[in-house]
Amino acid sequence: MSVFRVKKTLVRTVLVVSFAAGLSATLQGCFLAVAGAAGGSALVATDRRTLGAQTEDRELQVKALSQISQNLPDAAHVNVAVFNRRVLLTGEVPGDVSKQRAETIVRGLNNVNTIVNELTIAPASSFSSRTNDTYLETRVKTALIAEKNISANNFKVVAERGSVYLMGLVTMDEGNRGADVASRVPGVAQVVKVFQYIQPQEAAAAATAASTPVTTAQPDAAEPTVGAIPDSSVSSRPLDQQSPAPVSNSNSVHPGNPKATSP
């Protein structure tokens, strides 16, 4: 066989292999996209909020964050979480004026039923502290998924400086179970319940109406919590040796203004 034919054969082989690899990657991408779409549908189906409420919650969060960032000092670090038109404010602000200003901004948005103002007057948290909070959120969500008789998809987890805030539409029993699970996660300083409670019959009706089993729920994919690295303040003790963190109800719940007009 001539050198020319050998080179030609090698080139054709490389092209075939490259094409096969590209096709495989394309098909895999399509599969992942379909799987992702299916996963998203499962999350919507098992969420006790209506589809309209879920959409409105996302819009409220974007509006609140945008207006707060424009109207508060640069030294402020404010996080906004929304669940069923209940807005939770966490983070640090330089003074009480900023704290009240953030709440006033949220109250001026349409369809805000309740405001939970857990802002702290303190210097903005460090990067390592925020990274640790992201790690704690992941740990709590993982623990909720592993817990039997409750659905992790009914809980929204927010961590701030080691404190874990739990939101969601839950029964009293589910809320107590979820809070107990979160309190036993190493590194959690305290658990604050910010739930909206529903009756057991309402929860049963929601489960019956869901098109997919609630046991398939996964953490909210929109929240980038995977891959965080904890800092040295996170305890590495086993769960069975971790003393439960204190659990309390938020005492910073204020009425919103559902009929307000956005500025």
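1. Let's start with a pair of helices. Helices α2 and α3 are oblique to each other, because the angle between them, about 140°, falls in none of the ranges for roughly parallel, roughly perpendicular or roughly antiparallel, the last of which needs an angle over 145 degrees. Keep in mind as you look that this is a predicted model. Helix α2 covers residues 51–71 and helix α3 covers residues 96–107, and their axes are 10 Å apart. The crossing they make is right-handed.

2. Which residues of α2 and α3 meet? On the α2 side they are Ala64, Gln67, Ile68 and Asn71, and on the α3 side Arg101, Ala102, Ile105 and Val106. Try finding these residues in the structure above.

3. Now step back to the whole chain. The protein chain has six helices and eleven strands. Of its 263 residues, 41% are buried. Among contacts with a separation of 6 or more, 77% are between residues 24 or more positions apart.

4. Next, a sheet to trace by eye. Four strands make up an open sheet, and their order is β5-β6-β8-β10, with mixed pairing. At the edges are β5 (156–160) and β10 (247–249), each of which pairs on one side only. From one strand to the next, the twist averages 25°. As general background, strands of a sheet pair through backbone hydrogen bonds, either parallel or antiparallel.

5. Look more closely at one pair in that sheet. Strands β5 and β6 (residues 163–167) run antiparallel and are joined by five bridges. Here Val158 stands opposite Tyr165 in β6. Helix α4 (residues 127–146) packs on the sheet and touches both β5 and β6. The direction of α4 makes about 150° with that of β5.

6. A further helix belongs in this picture. Helix α5 (residues 172–183) lies across β6, β8 (190–193) and β10. Relative to β8, helix α5 runs at about 160°.

7. What fills the largest nonpolar core? This core has 20 residues, and those touching the most other members are Val140, Leu144, Val164, Leu166 and Val188. At least two residues come from each of α4, β5, β6 and α5. The biggest share, four residues, is given by α4. In general, nonpolar side chains tend to be buried together in soluble globular proteins.

8. Val164 is a good residue to click on. Setting aside neighbours within four places in sequence, Val164 is in contact with Val140, Val157, Val158, Ala159, Ala182, Val188, Gln190, Val191 and Val192. Apart from the core that holds Val164, there is another core of 18 residues, including Ala76, Leu89, Leu109 and Ile115.

9. Finally, two loop residues deserve a look at their backbone angles. Asn84 has a positive phi, near 55°, in a residue other than glycine. Asn84 sits in the loop between β1 (77–83) and β2 (86–93). Arg161 is not a glycine either, and its phi is positive too, at about 50°. The loop that holds Arg161 is the one between β5 and β6.

10. Is Arg161 buried, exposed or partly exposed? Its relative accessibility is 40%, so Arg161 counts as partly exposed, the class between under 20% for buried and over 50% for exposed.

How values were computed: Residues numbered from 1 in each chain as written. Predicted model: local features only at pLDDT ≥ 70, side-chain atom pairs only at ≥ 80, totals over all residues. Heavy atoms only, no water. Pairing = 2+ DSSP bridges. Axes fitted to C-alpha atoms, helices over the stretch in contact; angles between N-to-C directions. Contact = heavy atoms within 4.5 Å. Buried < 20%, exposed > 50% of the residue type's maximum accessible area, 1.4 Å probe, protein only. Core = buried A, V, L, I, M, F, W, Y, C linked by side-chain atoms within 4.5 Å. Parallel < 35°, antiparallel > 145°, perpendicular 65-115°, else oblique. Left-handed = near helix turned anticlockwise from the far one by under 90°.
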